[in-house]
Amino acid sequence: MAHFEVRSGTRSMADSRRRIIAIIGFAIGVAFLVIALRGTNFREIAENLRDANFALVIPFLATLAALNWVRAVRWGFLLRSFRGNTTGSEVFPAVMIGFASSIVLPPPLSDFVRMYVAGSQLGIKNTAVLATIVLERVF
């Protein structure tokens, strides 16, 4: 019985630590957001958004999705040597997550995100996935 009490105490300490880390991370994010937005004229931004022509946004997003789909299909062919019959639809989420991570990370680091996601989803070793990413970058 005492053994379970020690485990539950350890578990609650781990949960408390995660909460504290999350709160600190959130506070740091808010602080940097305040610094980044300091001196921003939000009325001017709102006026520019009202006057903007968004007619090309939908074709742009469709083209972007199509290009990433082609990239996923091509990468799926490379991954078939490690996991037979890998399809573009299985790889597409990893491609899109890697693309999204390139917004906040330098592009070479976003490839490591793509590697981790694909390796986790497909059950392939990360080194094998990384090899296909390097091969894809070279060719």
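Helix α5 of this predicted model covers residues 107-122. Its 16 residues should span 22 Å at 1.5 Å a residue. The C-alpha atoms at the two ends of α5 are 22 Å apart, so the expected and computed spans agree. Just after α5, Gly-123 adopts a positive phi of about 75 degrees.

Several residues of α5 are buried. They are Ser-110, Asp-111, Arg-114, Met-115, Val-117, Ala-118, Gly-119 and Leu-122. An α-helix has 3.6 residues a turn, so residues three or four places apart point the same way. The buried residues of α5 pack against three helices: α3 (57-79), α4 (88-101) and α6 (126-138).

Arg-114 was examined within this packing. The residue sits in helix α5. Its relative accessibility is 2%, and Arg-114 therefore counts as buried, the cut-off being under 20%. Leaving aside neighbours within four places in sequence, Arg-114 contacts Arg-71, Trp-75, Ala-94, Val-95, Gly-98, Ile-133 and Glu-136. Ile-97 lies 17 residues from Arg-114 along the chain, and the C-alpha atoms of the two are separated by 6.6 Å.

Helix α3 also holds Gly-76. Gly-76 has 0% relative accessibility and so counts as buried. Residues up to four places away in sequence set aside, Gly-76 touches Thr-86 and Val-91. A separation of 36 Å was computed between the C-alpha atoms of Gly-76 and Arg-18, which are 58 residues apart along the chain.

The loop between α3 and α4 contains Asn-85. Most residues other than glycine have a negative phi. Asn-85 is not a glycine, yet its phi is positive, at about 60 degrees. Asn-85 has a relative accessibility of 61% and therefore counts as exposed, for which the cut-off is over 50%.

Val-34 belongs to helix α1, which comprises residues 2-37. At 54% relative accessibility, Val-34 counts as exposed. Gly-84 is 50 residues from Val-34 along the chain. The C-alpha atoms of Val-34 and Gly-84 are separated by 49 Å.

The overall architecture was considered next. The protein chain has six helices and zero strands. From the N terminus on, the order of elements is α-α-α-α-α-α. The radius of gyration is 22 Å, whereas the globule rule gives 14 Å for 139 residues. The computed value is well over that of the rule, so the chain is more spread out than a compact globule. Taken along the principal axes, the box filled by the C-alpha atoms is roughly 65 × 55 × 25 Å.

Burial and contacts were also computed for the whole chain. Of its 139 residues, 19% are buried. Among contacts with a separation of 6 or more, 49% join residues 24 or more positions apart. The accessible surface comes to about 10,500 Å². Carbon and sulfur atoms account for 69% of that surface. The protein chain carries 15 positive and 8 negative charges. The mean positions of these two sets are 9 Å apart.

Note on methods. Residues are numbered from 1 along each chain as its sequence is written. This is a predicted model: local features need pLDDT of at least 70, side-chain atom pairs count only at pLDDT 80 or more; totals for chains, interfaces and linings use all residues. Side-chain values use heavy atoms; hydrogens and water are left out. Helices (H or I, at least four residues) and strands (E, at least two) are DSSP runs, numbered from the N terminus. The radius of gyration is taken over C-alpha atoms; the globule rule is 2.2 Å times the number of residues to the power 0.38. Buried means under 20% relative accessible area, exposed over 50%, partly exposed in between (1.4 Å probe, protein chains only). Contact means heavy atoms within 4.5 Å. Accessible areas come from the Shrake-Rupley method with a 1.4 Å probe; for residues, only the protein chains shown count as cover. Lys and Arg count as positive and Asp and Glu as negative; His and the chain ends are not counted. The place of a charge is taken as NZ of Lys, CZ of Arg, CG of Asp or CD of Glu. The expected span of a helix is 1.5 Å times one less than its number of residues.
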